[in-house]
Amino acid sequence: MIIDIVSLGVSLIALVSAISFGLRIKRVRQESEERINELQGKLDSIRKQMIELHTGTIGMGQRLQVIEGGMQQVNDRQQELTLQDPERRLYSRAAKMVELGADLDEVMNECELPKAEAELLISLRKGRV
């Protein structure tokens with residue numbers, strides 16, 4: 001009889017433990033599913049942000065190409081204008097000579113510049129250094 005009571009007590013404890021364990025597993029599973037859903041939502045949000053960034057990057061790249069093309073046209077046009085203007089060519093040549101170390105007389109003679117202009121050009125170029 002005592003053995004039956006002890007046996008019944010042990011069985012009851014085992015049953016309560018099994019039920020408690022089952023409830024704990026159910027709670028952990030539910031918490032895990034909630035966490036998975038939360039993380040899935042965050043992942044979806046990050047994916048959307050990445051798509052937006054990617055789209056924006058492509059748009060910026062296209063705009064930069066257009067701007068670079070425009071700048072190249074401006075540079076080409078500026079080069080054309082510089083070469084077309086003979087007076088401008090003389091000043092460009094004189095500036096290059098000054099950069100290479102030409103003195104006042106060389107600049108005046110080679111580029112047919114008045115002394116005051118040659119001095120000014122030399123002064124400006126040396127001021128940059």
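Helices here are DSSP runs of H or I with at least four residues, numbered from the N terminus. The model is predicted, so local features need pLDDT of at least 70 and side-chain atom pairs pLDDT 80 or more, while totals for chains, interfaces and linings use all residues. Residues are numbered from 1 along each chain as its sequence is written, and side-chain values use heavy atoms, with hydrogens and water left out.

**Exercise 1.** Find the salt bridge of Glu38 and place both partners in the helices.

*Solution.*
Step 1: Recall the cut-off: a salt bridge is a side-chain nitrogen of Lys or Arg within 4 Å of a carboxyl oxygen of Asp or Glu.
Step 2: Glu38 pairs with Arg35, and their closest N and O atoms are 3.0 Å apart.
Step 3: Both residues sit in helix α1, three residues apart, or about one turn of the helix.
Step 4: Check exposure, where buried means under 20% relative accessible area, exposed over 50%, and partly exposed in between (1.4 Å probe, protein chains only). Glu38 is partly exposed at 38%, and Arg35 is partly exposed at 42%.

**Exercise 2.** Which parts of the chain does the pair Glu110 and Arg93 link?

*Solution.*
Step 1: The two side chains meet in a salt bridge, 3.0 Å from N to O.
Step 2: Glu110 belongs to helix α3 and Arg93 to helix α2, so this pair links distant parts of the chain, 17 residues apart.
Step 3: Glu110 has a relative accessible area of 44%, and Arg93 has 41%; Glu110 is partly exposed, and Arg93 is partly exposed too.

**Exercise 3.** Work out which helices supply the largest nonpolar core.

*Solution.*
Step 1: Define the core: buried Ala, Val, Leu, Ile, Met, Phe, Trp, Tyr and Cys residues joined through side-chain atoms within 4.5 Å.
Step 2: Eleven residues make up the largest one, among them Ala94, Met97, Val107, Cys111 and Leu121.
Step 3: Helices α2 (86-99), α3 (104-111) and α4 (115-128) each supply at least two residues of this core. The most come from α2, with four residues.
Step 4: Now look at Leu121. Leaving out residues up to four places away in sequence, Leu121 touches Tyr91, Ala94, Ala95, Val98 and Leu113; contact means heavy atoms within 4.5 Å.

**Exercise 4.** How many salt bridges does a search of the whole structure find, and how are Glu119 and Lys115 placed?

*Solution.*
Step 1: The search finds five salt bridges.
Step 2: In one of them, the side chains of Glu119 and Lys115 meet at 4.0 Å, N to O.
Step 3: Glu119 and Lys115 are four residues apart in helix α4, which means a separation of about one helical turn.
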